[in-house]
Protein chains: 2
Amino acid sequence: MSQFGYKGKGLEFLTSNKIEIGSQVKIHADSIYSGVIMPRYEHSDDHHIVLKLKSGYNIGLELDKIKKIELESAPLMKKETVHHSQPNPKLPKILLLSTGGTIASRIDYRTGAVTPALTAAELNASVPELATIANIDAEVLFSEYSENLLPQHWIKIAEKLDSYAKSGYDGIIVAHGTDTMQYTASALAFSLAGFPKPVALVGSQRSSDRPSSDAALNLIAATRFLIEVHSPGIFVVMHNNSSDDEIACNWATRVRKNHTSRRDAFKTIGGPPAYIIKSRSIEKDKQFDIPKREYVPRIKFDSRVLLLKYYPGLDPKIVDYAIDSGYRGIVIEGTGLGHVGKTMYEVIEKAKKNGLFIGMTSQCIDGMVRMTVYDSGRDLLNLGVMPLGNMIPETALVKTMWALANSKDSNDMVKLMKENIALEFSD
Amino acid sequence: MSQFGYKGKGLEFLTSNKIEIGSQVKIHADSIYSGVIMPRYEHSDDHHIVLKLKSGYNIGLELDKIKKIELESAPLMKKETVHHSQPNPKLPKILLLSTGGTIASRIDYRTGAVTPALTAAELNASVPELATIANIDAEVLFSEYSENLLPQHWIKIAEKLDSYAKSGYDGIIVAHGTDTMQYTASALAFSLAGFPKPVALVGSQRSSDRPSSDAALNLIAATRFLIEVHSPGIFVVMHNNSSDDEIACNWATRVRKNHTSRRDAFKTIGGPPAYIIKSRSIEKDKQFDIPKREYVPRIKFDSRVLLLKYYPGLDPKIVDYAIDSGYRGIVIEGTGLGHVGKTMYEVIEKAKKNGLFIGMTSQCIDGMVRMTVYDSGRDLLNLGVMPLGNMIPETALVKTMWALANSKDSNDMVKLMKENIALEFSD
């Protein structure tokens, strides 16, 4: 038996003290702590309880060290006083799809509810500026931290977006956890290449109950981008620097989360962001240009692809394992210009003979793979390894999964890999 | 039968035309090409020959398309007119160990010799400024592109350095390919923690026969750093920006090759370089400080460690494979603050039960892993995953290989992993 992840002693402690998840409490232990009792997850032990402090941080308190727990107030109940601001027919229409993540977890964190959910009413209430610039309809697609998203989630998001391709919305926001946002962005960029509306993936690095939260500003900037710029395609909209005056609008296949915690963690690799959203203007990078293409959704992914980072001492047998396990492709994060040690040549040759696609990217992340400069690169080309230009490794992985699922044979697949479908090659 | 990698038709073509590797030739094909015949590697096909053009680039020419080949001059023979500049007893003594790579391949590229080798005489001839600031002895340890280096090469370099720990040299330069230089730097920093002399790993991103080569300036800066600063420990000395006025001296465990081709590809992660070497001064970063420690070399590595980058769709069975194959540790490049999807929990638990060390780093590269912020992180902590702070993934991999080989049991190993041995934790 468990309640919001509490079980055994932890659950007993809470029950006997009549404390519910989401309650504001004061706990006397080695020190006195005030905060909200948070839910726990299934793998947690049973001798800690988790308290969210006013600072926004969670701490785990050991049951044995708790001298006293005092209830200060019961969980805030979601008030169903939905302030439906009357839609203003003069304003553009925006759809907000929520998939989960920190940006959608404000309510979760404040009340202790397990399932984060962002309704239109909650959104309007938390970011009142939005209602003044657009009419926003919100829809909860699912509620997952993005580290738990899988290719089947990409498919659900893409299918949902596709269903709105001809709708009356001016643009669509996808609220998404930041951990795997770049993978989802690439997946949408390939599967929905040519999508006729602007789509902005928006996340936040700090939940909105923290003073430094980036959630509201990212949402406002994304909304402004969608209704002011009208640039179709998939973008990732997040802080551009450590202050609040610039939000970057990064093109889906060229963006990477480059810092664990900074609000400006997302960076366009190999150049500036496609757009910079400032308080009074939105500036387009001169180089940024998406070639127009017909919208033909191809929403399939084959996840039998291994992303393999090469390093000194890597046992080549891992490639044998991939062959034997039915993988259909390997994206290598090679060293430098796109190399691996000679120890790998034999298994790479074997993988090619077994029909696997092998693509080369660089663990340097930035810069072009150039496999004709050194013998090591030329040897790998001879073995049938495909150089993937300046495609970033995570994008190359997603593209390989996509190309394998949307091609009729290996020639067709290689053709797709070479084609610049969604600006994944930027040079 | 093969000669410098040429075999079959290619070898026949060269032999019948009496052309040796290293010859200056003019080739008539779709166009006329002038250049030097380059060696090839064992996996190359037999219907191309490789020509190094004056621009410094190599091209492969298809035999079937070659109409005529003309010998312009025979290979430049290494002239043994060794200009041994008389050692100046007033100057400091520097040892230069060459391991291969672009920096040591000038002679290779110019004459077409297969084995790059940098002798003291060649070095003095190519960078005459060096002889005015130090007496340099050179020793060729091996000649490999660094993508071919393995942990056993780290051991050879470390043992060689150890043998000079009490020598009369003021410092030691290790000429090294750039592809895996950061791995070797970390390996030396751990195995030779407390090394009493300054050691500078130096590479070049462009070979010295190209006008834009960074080889000479990096070598001069490294030499100046060794004799002017006297800061013991392992550093990586490479260009700091795209001009030639600043060379960065990066601390071994905090540096990463972040661009495939730029001369300033190497960056200290999470802060500025330890030193900036300018034309008239060497500036130390105020934060940089190596705690003094007794020099006790521990030169062993266990390469049974898997560096595993998490991504959506990663098949958890790869961890079963690692367990079954006798791996002793896994360094995960998780998402964000140090997460993996729930699909991985079960195999991680199994790996822990089987005694594997599992360390968590972030694929963001920059920033701290913080596994107490979200449930996903706390779940992984409960499963026994060790958060590795802001250690960069490649350094964490090398440290895990090192700690496994230099500890008597798993508690001892974990203790080593937590200890800040060589500034691998910088916060």
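Helix 6 and helix 11 of chain A cross in the right-handed sense. The model is predicted. In it, 60 residues of chain A are in contact with 61 residues of chain B. A turn of 180° with a shift of 0.1 Å along the axis lays chain A on chain B, at an RMSD of 0.2 Å.

**Helix 6 against helix 11, chain A**

- Helix 6 of chain A spans residues 181-191 and packs on helix 11 of chain A at an angle of about 40°.
- The axes of helix 6 and helix 11 of chain A lie 9 Å apart.
- Angles under 35 degrees count as roughly parallel, and 65 to 115 as roughly perpendicular. Helix 6 and helix 11 of chain A are therefore oblique to each other.
- Helix 6 of chain A brings Gln182(A), Tyr183(A), Ser186(A), Ala187(A), Phe190(A) and Ser191(A) to the contact.
- Helix 11 of chain A answers with Glu394(A), Thr395(A), Val398(A), Lys399(A) and Trp402(A).
- By class, the contact of helix 6 with helix 11 of chain A holds five nonpolar, four polar and two charged residues.

**Helix 5 against helix 6, chain A**

- Helix 5 of chain A covers residues 151-163 and meets helix 6 of chain A at an angle of about 50°. The axes of this pair are 10 Å apart.
- That angle makes helix 5 of chain A oblique to helix 6 of chain A.
- The crossing of helix 5 and helix 6 of chain A is right-handed.
- On helix 5 of chain A, the contact residues are Trp154(A), Ile157(A), Ala158(A) and Leu161(A).
- On helix 6 of chain A, they are Thr184(A), Ala187(A), Leu188(A) and Ser191(A).
- The contact of helix 5 with helix 6 of chain A has six nonpolar residues, two polar and no charged.
- Ala187(A) and Ser191(A) of helix 6 thus appear in the contact with helix 11 and in the contact with helix 5.

**Interface of chains A and B**

- Four elements of chain A give two or more residues to the side that touches chain B: strand 18 (305-309), helix 8 (317-324), helix 10 (375-382) and helix 11 (393-405).
- Helix 10 of chain A gives the most, with five residues.
- The side of chain A that touches chain B divides into 23 nonpolar, 22 polar and 15 charged residues.
- Helix 11 of chain A serves twice: on the side that touches chain B, and in the packing with helix 6 of chain A.

**Symmetry**

- Chain A is laid on chain B by a turn of 180° and a shift of 0.1 Å along the axis. That is the relation of a two-fold axis.
- The same surface serves both copies, as 100% of the contact residues of chain A recur in chain B.

**Antiparallel sheet, chain A**

- Five strands of chain A form an open sheet in the order 6-5-4-3-7, with antiparallel pairing.
- Strand 6 (58-62) and strand 7 (68-73) of chain A are at the edges, each with a single partner strand, so one side of each lacks a neighbour in the sheet.
- On average, neighbouring strands of this sheet are turned by 45° against each other, direction ignored.
- Three bridges pair strand 4 (residues 32-37) with strand 5 (residues 48-53) of chain A in the antiparallel sense.
- Gly35(A) has Leu53(A) in strand 5 of chain A as its bridge partner.

**Parallel sheet, chain B**

- An open sheet of four strands in chain B has the order 18-19-20-21, with parallel pairing.
- Strand 18 (305-309) and strand 21 (386-387) of chain B are the edge strands, and each pairs on one side only.
- Strand 19 (residues 329-334) and strand 20 (residues 357-362) of chain B run parallel, joined by six bridges.
- Opposite Val331(B) stands Gly359(B) in strand 20 of chain B.

Methods
Residues are numbered from 1 along each chain as its sequence is written. Chains are lettered from A and ligands numbered from 1 in the order in which they are written. This is a predicted model: local features need pLDDT of at least 70, side-chain atom pairs count only at pLDDT 80 or more; totals for chains, interfaces and linings use all residues. Two residues are in contact if their C-beta atoms, placed from the backbone, lie within 7 Å. Ala, Val, Leu, Ile, Met, Phe, Trp, Tyr, Cys and Pro count as nonpolar, Asp, Glu, Lys and Arg as charged, and the others, Gly among them, as polar. Copies are superposed by least squares on the C-alpha atoms of residues with pLDDT of at least 70 in both. Axes are lines fitted to C-alpha atoms, for helices over the stretch in contact, and angles run from 0 to 180 degrees between N-to-C directions. Angles under 35 degrees count as roughly parallel, over 145 as roughly antiparallel, 65 to 115 as roughly perpendicular and the rest as oblique. A crossing is left-handed if the near helix is turned anticlockwise from the far one by less than a right angle, and right-handed if clockwise. Two strands pair if DSSP finds at least two bridges between them.
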